[in-house]
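Trainee: I should like to request a close look at a single part of this model. Please treat it in one connected account.

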Amino acid sequence: MPEIGFNEQQQDALGALFENFWILRDKEPETYQLIRENERALRRYIIEKFGLSLIVHKDFIKLEKVPLKPEKWMGIASFQEPRDYALFACGLAYLENHSVEDHFLLSEFANGLKEMYPGVIALDWTNYQHRKSLVRVLKKLVELDCIHEVDSYSGGVEGFAYSEEQEVLYKGTIYSRYFMRNHLHDIRRCESLADILDMDWERNQEDLRRKRVYRKLMYEPVVYRESEDDLDFDYIRHYRNSLREDIESHTPFALQVTKNSAMLTLPEQKQLYESFPDRKALSTIVLHVQAFVREHINKYTIDAFGQIHLTHAQFEQLIQQVRENYKVGWSIEYREKSGLKKTSEEILLHLLDWSFAKVEAETNLIVLLPAFGRMSGYYPKDFESEDQT
């Protein structure tokens, strides 16, 4: 166990590993070198506390972040259909069958994917939606540096969405070989996603509870007490002092634990990390919703786990009340252009993304979770007068 914490540079190195899919030496040489210089300390801490694998390659560094359970925000944001993910996997398989630095045309890539695509409905490149899926996949592969665009006709890959005759010349990279994680067993033996995730714990037989807790705290915006016998949350409450000391000496985060929730917060904002609230208009609106509920908390029923249950109609009514009180300072999109239903839907999605709320599958009720009440935002008393001058 490390006897002392990390210095600021080591904390930045650890943060870079968790906040990035990988660190490419060519693109981020300083961060790559920083991690290499602190590799021993970082590897020891990561293995002991999280049970994760750190891959250090001459061209890149990658921390293989295995989730405890899949969450919506863990997906690829630009993908819109299950077909996108299937095509992405086929694209990696295509690259695996070709030598690194091999050049290939978009049309060759498309034909290769068409042959290996496992969907019940075959790919049809005359179908606009199928072509759009491939465009999203190619753009993501370029973004991840799994392939590089060498040359194209006017319009580039975006032109393929409108014409299957569009050509782009690509070349593969070494990175595509390391995108997929190596599993302990043949993945074809797995019958469910849970089976795949369970394989990771076969490598981590010691201190499973501690590693689960550390992953939850680092991965998730908030960790909640989910039941009376929630063993992970009991561990956090029982060892909160040692957890706080360890986390705060190795990261820039502070650990906050209440009866029903635990979360890592940033006492000082750092550009490396995505945090709430950000500078987007939607975050400001969410802060106003939180403030309104806090002001009228006596009107709501709170259960033993600190949750408030609302129907969708009640939630829309809440947003309407908040808009009437606060809209003077909202962006024109939410003040005038967006209707109540659309605004309510976008606010709900933002709450879901930050684990401030959930939607019960059985009842379809919107549940405001304990962390929802931890923050709020108000205008200064002279805000309206200043706005009108």
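Against which elements do the buried residues of α2 pack?

Mentor: The model is a predicted one, and the account begins with the helix itself. Helix α2 spans residues 29–37, and its buried residues are Tyr-32, Leu-34 and Ile-35. These three lie on the same side of α2 because the arc they cover around the axis is only 160°. Glu-30 and Glu-37, by contrast, are exposed on the other side of the helix. As to your question, the partners of the buried residues of α2 are two helices, α1 (8–19) and α3 (39–50), together with two strands, β1 (23–24) and β3 (60–64).

Both of these strands belong to one sheet. Its three strands form an open sheet in the order β1-β3-β2, and the pairing is antiparallel. β1 and β2 (53–56) are the edge strands, each of which pairs on one side only. Within this sheet, four bridges join β2 and β3 in the antiparallel sense. Leu-54 has Leu-63 of β3 standing opposite.

The helix can thus be described by its two sides: Tyr-32, Leu-34 and Ile-35 are buried, whereas Glu-30 and Glu-37 are exposed on the other side. The packing of those buried residues against β1 and β3 links α2 to the sheet of order β1-β3-β2, while their packing against α1 and α3 adds the helical surroundings.

Conventions: Residues are numbered from 1 along each chain as its sequence is written. This is a predicted model: local features need pLDDT of at least 70, side-chain atom pairs count only at pLDDT 80 or more; totals for chains, interfaces and linings use all residues. Side-chain values use heavy atoms; hydrogens and water are left out. Buried means under 20% relative accessible area, exposed over 50%, partly exposed in between (1.4 Å probe, protein chains only). The arc is that of the directions from the helix axis to the C-beta atoms. Contact means heavy atoms within 4.5 Å. Two strands pair if DSSP finds at least two bridges between them.
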